[in-house]
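Thanks for coming. I will take one residue first, then the sheets, then the cysteines, and end on confidence.

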Amino acid sequence: MKLQRILASLVVVIMATTAWAQSPQMLSDNHAMLRVDVSNRYLLLPVQEREEIANVRVIVDNNVAQTFNVKLAADKIDYFVPLDIQRFGGKNVLLDINFHGDRRSTGSIKDFLCWKEMKQTDVFDTANREKFRPAYHHTPAYGWMNDPNGMFYKDGVYHLFFQLNPYGSQWENMTWGHSTSTDLIHWTTQPNAIEADALGTIFSGSCVVDKKNTAGFGQNAVVAFYTSAHQNQTQSMAVSTDNGMTFRKWAANPILTSNEPDFRDPKAFWNPEIQKWNLILAVGQEMRIYSSPNLKDWTYESSFGKGFGCHEGVWECPDLMKLQVRGTDKQKWMLICNINPGGPFGGSATQYFVGDFDGHRFTCDQKDTRWMDYGKDHYATVTFDNAPDGRHIALAWMSNWQYANQVPTMQFRSANSVPRDLDLFEHEGQYYCGVTPSRELDQLRGKKIKRPEQTCEIVVDLKGSSTITLSNTKGEQVVLAYDAAANTFSMDRNKAGVSNFSEAFPAKTVAPVHGDIRQLRIFVDRCSIEAFDAEGRMAMTNLVFPTEPYNTLKVTNKAKATVYAIK
């Protein structure tokens, strides 16, 4: 039945698609114009990822309505992306296209395949065509995705915004995509939320629910903060009065500027201890803290970073929150700092700092560098604003900048991690970040099965050290090992499957363990393995691309493994 539905959808697409008949005007060896008769909603643009980008200006009534970059196909089509031409309103749309590739190697643009294969259609098929698309992790319907942005909860709905390229499955054209969920597992794709403007493309940021109407936009208005990326990076604001479904940009943008080249990723939150808003920004290799009574006027308070943590790359995507220390009446503040490069096993990763914050200055208790997740594919971690029951629910981008543009998918690239609840625990007089799979994941657990499948949860009860091996008939395997004597947990994906897209992909990742692990929870999806100490004292996230699903599980040293199907 599923195959029949997919075929039926393809038939609808074919019937609704008309071949492209208009010819481009060639103005030079790298410049063309194309007039589009708006008879259908979408113009399908053929993409070839090995090509250089072409810059497209959409001109309506002699004005530029939109500008974007796309890798138009020269001699091979990898996939199509839709340009919504009806949104521009006019009957005729002019595409002004400048190619940046070397024509000596790719040939004359007049002979490019893209002109012959452009099509108009009223629907765009997003049925899954990727064997590695996750079954229960959030992914974009199509195109490239990186950092989660602007996450908030309101009226029973979780809103996830994210860095999106609508015109290709590699990084470009940064836009805020948007998905919603009532359970953190099943996501509905919504229209794109915030798009590029004269101030630049739209980089990462945050949203807050203004419960007290401090900004004057209305009680419970949703206010978004994001980085406008152009010649310099500046901070901008947008407002939603319909629960985050549409945003109106603030006329007085930008609200914060700097002469620093890396000045981005604003994270705002209400601080009841000072009855003001705080905002934290990543600036080079430090975090800058601001305060405001009204979300519009911001006062610089202090900076944090010098002498603490890893400084091998640019600091990005901050978050700052007050957390309970489990089993005690103590509370401490934790600052999340994502860094690229500089991760413990190369590339990007999430570090954190535990200390105190008075609304003005963050002071750190620790001197060592601490990582929230010791896999290679856990980055840009931030939490939902206004989460229910005082929870701090985090999502990460499940990839690594070392190879994110090359992973073996094309319809889409990148997924988010499973949701995780954050808290603090104490071990040998030190405070550490606790990372526990969010309780919403329990609804996925189906019946017990005898062997692993391409999507499953594996629960392993341990009695000391143990090795857990997932493998398939192709000889591909992932080896997870708990060493009780060394207090470490590791995951070896060197033979996990497809890895020839990057020399940086094969790896063995190792995490310190703070206290004995008695039970592991291992979440397997079509392209990822996430392992957690069931008590939330260790987390490890790694991508894998097996040519066939792992269907064999072996454990050692009296460990007991239970495999659950995913509903």
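**Gln170 and its surroundings**

Apart from neighbours within four places in sequence, Gln170 is in contact (heavy atoms within 4.5 Å) with Glu49, Lys71, Trp144, Asn165, Asn405 and Arg413. Before I go on, this is a predicted model: local features need pLDDT of at least 70, side-chain atom pairs count only at pLDDT 80 or more, and totals for chains, interfaces and linings use all residues. Residues are numbered from 1 along each chain as its sequence is written, and side-chain values use heavy atoms, with hydrogens and water left out.

Helices (H or I, at least four residues) and strands (E, at least two) are DSSP runs, numbered from the N terminus. Gln170 sits in the loop between strand 11 (157-165) and strand 12 (175-181). Is Gln170 buried or exposed? Buried means under 20% relative accessible area, exposed over 50%, and partly exposed in between, with a 1.4 Å probe and protein chains only. Gln170 has 15% relative accessibility, so it counts as buried.

Its side chain makes a polar contact with the side chain of Lys71, at 2.9 Å. A polar contact here is a pair of N or O atoms within 3.5 Å; within protein, one must be able to donate a hydrogen and the other to accept it, and residues adjacent in sequence count only if both atoms are side-chain atoms. As for Thr227, 57 residues from Gln170 along the chain, the two C-alpha atoms are 20 Å apart.

**Two open sheets**

Two strands pair if DSSP finds at least two bridges between them. One open sheet has 5 strands in the order 2-3-8-5-6, with antiparallel pairing. Why do strand 2 and strand 6 stand at the edges? Strand 2 (25-28) and strand 6 (63-70) each have a single partner strand, so one side of each has no neighbour in the sheet. On average, and ignoring direction, neighbouring strands of this sheet are turned by 20 degrees against each other; the axes are lines fitted to C-alpha atoms, for helices over the stretch in contact, and angles run from 0 to 180 degrees between N-to-C directions. Strand 5 (residues 54-60) pairs with strand 6 through 7 bridges, antiparallel, and Val60 is opposite Asn63 in strand 6.

The other open sheet has 4 strands, ordered 27-28-30-31 and paired antiparallel. Its edge strands are strand 27 (379-383) and strand 31 (430-437), each paired on one side only. Here the average turn between neighbouring strands, direction ignored, is 40 degrees.

Strand 27 is mostly covered, with 5 of its 5 residues buried. Strand 27 runs antiparallel to strand 28 (residues 393-397), and 3 bridges join them; Val382 has Leu395 in strand 28 as its bridge partner. At the other edge, strand 30 (residues 420-427) and strand 31 are antiparallel over 8 bridges, with Glu426 opposite Tyr431 in strand 31.

**Cysteines**

How many disulfides does a search of the whole structure find? It finds 0, a disulfide being a pair of cysteine sulfur atoms within 2.5 Å. The closest cysteine sulfur to that of Cys337 is in Cys310, 8.6 Å away and too far for a bond. For Cys364 the closest is in Cys337, at 11 Å, again too far. Cys337 is buried at 0% relative accessible area, and Cys364 is buried at 16%.

**Confidence**

pLDDT is the predictor's confidence in each residue, from 0 to 100. The chain averages 95, and 96% of the residues score at least 70. Among the chain's elements, strand 40 (residues 539-543) has the highest mean pLDDT, 99, and helix 1 (residues 2-16) the lowest, 40. Over residues 1-15 pLDDT stays under 50, and the model has 8 contacts for them beyond four places in sequence.
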